[in-house]
Amino acid sequence: MPDSTPRNDDSQAGTTLGSMLRLMYRALSDRVYGRLADEGFTDIRPLHSAVLRHLRPEGARITSLAAQAQITKQSMSAIIEDLARLGYLESHPDPSDGRARRVMFSARGLALRAALIRLSSEAESVLAKNIGEEKFVQLKALLNEWTQAEIGRQRSGHSAQAPGDIASGTSKV
């Protein structure tokens, strides 16, 4: 009788779009967060990116940040408390709803945000040099197109479709 035990086929590891995107995100993140200490931000960890990626200078509510990061409000609150303790964030009453609080960058937090944006740009420049400027521009344009399509679907309340649906033109959105 043949063995029907599922096998882990490592020959395909790293070839799916999801695994490639995850690997590249991790490489870019490691490069950026690895250089933050040189910029004077020795206490920032990649975990903090759940807040830092989504918070804009005008601030946001914890519930909004949690939804964007796709984590629980409790997890987001814990990360925000840590960043506030470290002096990167402040909490203020929300002008549109006195019951709610708005999380905002402190002056040090704005300096951190500027450093993250600059370091991210530098990491992208390294990638562009590695694969060639033309390929990098194409890559970024394709990812932007896919991102905008996904944002549109999310705003309209539709569920995500497989990337092939976008590329093949079979998208019903």
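Accessible areas here come from the Shrake-Rupley method with a 1.4 Å probe, and for residues only the protein chains shown count as cover. The model is predicted: local features need pLDDT of at least 70, side-chain atom pairs count only at pLDDT 80 or more, and totals for chains, interfaces and linings use all residues. Residues are numbered from 1 along each chain as its sequence is written, and side-chain values use heavy atoms, with hydrogens and water left out.

**Exercise 1. Describe the surface and the burial of the protein chain.**

Step 1. The protein chain exposes about 11700 Å², and carbon and sulfur atoms supply 56% of that area.

Step 2. Buried means under 20% relative accessible area, exposed over 50%, and partly exposed in between (1.4 Å probe, protein chains only). Of the 173 residues in the protein chain, 25% are buried.

**Exercise 2. Give the order of the secondary structure elements.**

Step 1. Helices (H or I, at least four residues) and strands (E, at least two) are DSSP runs, numbered from the N terminus. The protein chain has seven helices and two strands.

Step 2. Read from the N terminus, the order is α-α-α-α-β-β-α-α-α.

Step 3. A contact means heavy atoms within 4.5 Å. Of the contacts between residues at least 6 apart in sequence, 49% join residues at least 24 apart.

**Exercise 3. Find which parts of the chain the salt bridge of Arg35 and Glu122 links.**

Step 1. A salt bridge is a side-chain nitrogen of Lys or Arg within 4 Å of a carboxyl oxygen of Asp or Glu. The count by this rule is twelve.

Step 2. In the salt bridge between Arg35 and Glu122, the closest N and O atoms are 2.8 Å apart. Arg35 belongs to helix 1 (residues 17-35) and Glu122 to helix 5 (residues 107-131), so the pair links distant parts of the chain, 87 residues apart.

Step 3. Arg35 is partly exposed at 33% relative accessibility, and Glu122 is partly exposed at 31%.

**Exercise 4. Is Asp82 buried or exposed, and what does its salt bridge tie together?**

Step 1. Asp82 counts as buried, at 14% relative accessibility.

Step 2. The partner of Asp82 is Arg45, with 3.5 Å between the closest N and O atoms. Asp82 lies in helix 4 (residues 73-85) and Arg45 in the loop between helix 1 and helix 2 (49-52), so the pair ties together parts 37 residues apart in sequence.

Step 3. Arg45 is partly exposed, with a relative accessible area of 39%.

**Exercise 5. Name the residues networked with Arg61.**

Step 1. Arg61 and Asp94 meet in a salt bridge (2.7 Å, N to O).

Step 2. Arg61, Asp94, Asp97, Arg99 and Arg102 are linked in a network of salt bridges.
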